[in-house]
Amino acid sequence: MPELTLGAVAQAIGAECAGDAACVITGIHTLQQAGPSEIAFLANGAYRRHLKETRAAAVILAAGFADECPVPCLVVANPYLAYARLSQLFSTMPVAKAGIHPSAVIAPTARVAATAAIGPRCVIGEHAVIGERTVLQPGVVIGDRSRVGAGCLLHANVTLYHDVQLGDRVTVHGSAVIGSDGFGFASSPEGWVKIAQNGGVRIGSDVEIGAGTTIDRGALDDTVLEDGVIVDNQVQIAHNVRIGQGTAIAGCTAIAGSTRIGKGCTIAGGVGITGHLTIADNVHITAMSLISKSIDEPGAYSSGTAMAPTQEWRKNAVRFLQLDQLFRRVSALEKK
Amino acid sequence: MPELTLGAVAQAIGAECAGDAACVITGIHTLQQAGPSEIAFLANGAYRRHLKETRAAAVILAAGFADECPVPCLVVANPYLAYARLSQLFSTMPVAKAGIHPSAVIAPTARVAATAAIGPRCVIGEHAVIGERTVLQPGVVIGDRSRVGAGCLLHANVTLYHDVQLGDRVTVHGSAVIGSDGFGFASSPEGWVKIAQNGGVRIGSDVEIGAGTTIDRGALDDTVLEDGVIVDNQVQIAHNVRIGQGTAIAGCTAIAGSTRIGKGCTIAGGVGITGHLTIADNVHITAMSLISKSIDEPGAYSSGTAMAPTQEWRKNAVRFLQLDQLFRRVSALEKK
Amino acid sequence: MPELTLGAVAQAIGAECAGDAACVITGIHTLQQAGPSEIAFLANGAYRRHLKETRAAAVILAAGFADECPVPCLVVANPYLAYARLSQLFSTMPVAKAGIHPSAVIAPTARVAATAAIGPRCVIGEHAVIGERTVLQPGVVIGDRSRVGAGCLLHANVTLYHDVQLGDRVTVHGSAVIGSDGFGFASSPEGWVKIAQNGGVRIGSDVEIGAGTTIDRGALDDTVLEDGVIVDNQVQIAHNVRIGQGTAIAGCTAIAGSTRIGKGCTIAGGVGITGHLTIADNVHITAMSLISKSIDEPGAYSSGTAMAPTQEWRKNAVRFLQLDQLFRRVSALEKK
């Protein structure tokens, strides 16, 4: 368990230290659950009612709430951001030691930085490069000629195929696969003929890739994720997709081949985006929508229907299949 | 191939043994396909017509069908449940031998029960605990401080991060990832700032987790699956979700952060449930529904539209986008 | 980088060699991006406008476009198919060397062909068989009694359970799992009782399986993929499904138990198909459709709604829940 003094906590988030700067802080919790050695935070007005009962050592909050707080305050402009920064100081993640585990298999032509930590059973291919302070958890496989930058963290059983590039400070979660073949086939009288996927994958810096996510290599050019993109679990990114800087993609979303997504977009979970589309910057897509046309304008987009009890839903769903006919019936009525 | 006598089969499912108790039974099959050394079962009235032609050694069925059965009967109250119990006696799964394979890498502070079977290339972290009779297939990675109970089975290439707890008799299928980081980021002028995910994952006993499923660790508290939960393949369970006892979740469903699901629910495949919701006990959700509001009452819920030939569907889908306008047209007609 | 002469390229795709047969070709690219040592292709009339500006060494195209081409032409009947064939000659994928890496763990009763290439950290179970020229990338796990044909390629961290059969020339991408338990449970007063999944998986020849895809073993019989089936990433195929020859399934589609899909179907991404259905040959399903009934006729099928700006969508989605009522209102108007 990491420990910090309240003074160090205040300093870390740029707040003035109200209360006893020497008080030992052992963690962060919610207003309701923080104990007397923990920091709480109020980032969402909906939780304001919990403020007056908190037992936290101190609370991170915006200036407007300081008067209501029964314990020392750490006043900041953006409490949620302050919480994010602070959370990293209390990380419970074990720290990997630099060095190469004897069970790892490293190709003779691979270059591994001296400060990198290569876990048990990792395999690193010919001409691959692993940057300074990068950590490979057990079972990671790095293909030939792939390059992982500095300060990256690849969790257990991640696979990078050949010719995949990651920038610096990239995190990839367990069982993710980067560089698998795009789904490209030509039909022929004898069946499907595979199109060799001869491009690679280029991923910028400060990118996060979720567990079980798959990112295909390009057919001719590379598949590209720009800097600062964050991708949740079980997302599928097809060949030659390009995702703009800072775009966030939630779990189980699928993006088909050659689609280009702008910067600063947020794509909710379970979304499908068909191939060869262009999505503008600052587009926001709601959960489980199917995007089947390019989007030129920033804004929010959706498809689907609202939920309902199944019995009620079924009646309406049947009617959906008669909708065009209904429009014609109404037009006929209007003509009368 | 396991073999049992008909007498042993009858005893295993609590039926009286009609027929020759010494007859050797080599397996289970459907009414149509069971041969003279196999047991068949009639669990669904829809298959009743196949009963009179079966060549099975004996048939598991409810009392009401015994008269129609041309071969010996094993009469039970719940034939499907009897089939489930019997199927385990004819399991074709290879039995793992207790012991640690020499290629496994076990941290010095880990504790592995003497009756556990640790397969080739497994990696077990510091202070991890593996219970009695638990089997780790090849390539399983167990993070520091994670605890796996007794009688568990983790299939090949499963990853448990640090601080993950499994109860007893938990099965986890290939490439599943438990304990990956929740998708938590605060936005800042410099881009997304990661929120360290400092909680863990707690999974009860008698739980099954499908292949490729991902279960994220909590941000502050743990993500929790209670006893008896069953989860199919490629399900995504986000941080701080809590799933109640005995709930069943089919393939490719995604549950967003902090949502709480009750006990005894059944959630079909491809469902999406957005974050911070509460779903009551005994709720049933149909395939590919999007649940975007809390559900207080037991019952069945749905969203989406019914399928149709694409040409017909397209006409109606276009009309969907004019629906609000149609309601106003009908109101205008009604006023006339 | 592979290199071929223009003459060899022409011969490989069955075209007559216009231009200098000795010219060295280093790769393939689009009309816009191909440089003077690369081949371009025109497979889609929409790109015709780029033809006259291409700097490619030669262009693969149909006879009708030859007149407009400023550089040597390679005229073929099906330019896309010719591109597919040619792409394989320029494959950038590293070639694996035959032999068994010393870190692989091979059961004494397994049979591995002398020309097979078994990568670092692979594990091959008892009585498993690996065919001629088959390549196992690092971390592949093959269960007991599973059989992999000749000329197959299993990418890193793939898992085959026991009793799984692959034909010849099958490619399986990273982290895919074949042979995991079907999701079969009987309910009992004490909770779910697991049904042992005692069938296997049989996969034909010339099949491709995407990264992170999961294919469950059958309960009694086998799950079957016939020859020439192609499956993209993160597809879920449940127990006892049967998929007909040459059917193509795009990413993130899920097919529930015991459903039979015909030959020559194309199933787009994110589709859900419920259990125990029969889908005819030559059925085409559009993205994110839910197929909940059997389909007897070839043709295209869909469900869902079209996308729209969220504000506009929300108004219509609310109206969807009043649709049945609207039909009754219109009927009442018609009666007047």
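Student: How many residue pairs are in polar contact across the interface of chain C and chain A?

Tutor: A polar contact is a pair of N or O atoms within 3.5 Å; within protein, one must be able to donate a hydrogen and the other to accept it, and residues adjacent in sequence count only if both atoms are side-chain atoms. Between chain C and chain A the rule gives 33 residue pairs, both members at pLDDT 80 or more. The model is predicted, so local features need pLDDT of at least 70 and side-chain atom pairs count only at pLDDT 80 or more, while totals for chains, interfaces and linings use all residues. Residues are numbered from 1 along each chain as its sequence is written, chains are lettered from A and ligands numbered from 1 in the order in which they are written, and side-chain values use heavy atoms, with hydrogens and water left out.

Student: Which elements give two or more residues to the side of chain C that touches chain A?

Tutor: Helices (H or I, at least four residues) and strands (E, at least two) are DSSP runs, numbered from the N terminus. In chain C the contributors are helix 2 (79-89), strand 27 (230-231), strand 30 (248-249), strand 39 (308-309), helix 3 (310-320) and helix 4 (323-335). Helix 4 of chain C gives the most, eight residues.

Student: How many residues does the contact take from each chain, and what area do chain C and chain A bury?

Tutor: With contact meaning heavy atoms within 4.5 Å, there are 65 residues from chain C and 78 residues from chain A. Buried area is the accessible area (1.4 Å probe) that two parts lose on being put together, summed over both. For chain C and chain A that is about 5800 Å², with 62% of it on carbon and sulfur atoms. C:Met307, C:Phe320 and C:Phe327 supply 14% of the area that chain C buries against chain A, more than any other three residues.

Student: How many salt bridges does the rule find across this interface?

Tutor: A salt bridge is a side-chain nitrogen of Lys or Arg within 4 Å of a carboxyl oxygen of Asp or Glu. Three cross between chain C and chain A. A:Arg329 and C:Glu334 meet in a salt bridge at 2.8 Å, N to O. Over all chains the count comes to 36.

Student: Where do B:Arg48 and B:Glu68 lie?

Tutor: Their side chains form a salt bridge (2.4 Å, N to O). B:Arg48 is in the loop between strand 4 (38-41) and strand 5 (58-61) of chain B, and B:Glu68 is in the loop between strand 5 and strand 6 (73-75) of chain B, so the pair ties together parts 20 residues apart in sequence.

Student: In which sense do strand 38 of chain A and strand 39 of chain C pair, parallel or antiparallel?

Tutor: Strands of a sheet pair through backbone hydrogen bonds, either parallel or antiparallel. Two strands pair if DSSP finds at least two bridges between them. Strand 38 (residues 299-302) of chain A pairs with strand 39 of chain C in the antiparallel sense, over two bridges, and A:Tyr301 stands opposite C:Pro309. Strand 39 (residues 308-309) of chain B is likewise joined by two bridges to strand 38 of chain C, running antiparallel; there B:Ala308 has C:Ser302 as its bridge partner. Strand 38 of chain C also runs parallel to strand 36 (residues 283-285) of chain C, with three bridges.

Student: What is the strand order of the open sheet of nine strands in chain B?

Tutor: The order is 9-12-15-18-23-26-29-32-35, with parallel pairing. Strand 9 (111-112) and strand 35 (278-279) of chain B are the edge strands, each pairing on one side only.

Student: By what turn can chain B be laid on chain A?

Tutor: Copies are superposed by least squares on the C-alpha atoms of residues with pLDDT of at least 70 in both. Chain B is laid on chain A by a turn of 120 degrees and a shift of 0.0 Å along the axis, with an RMSD of 0.1 Å. That is the relation of a three-fold axis.
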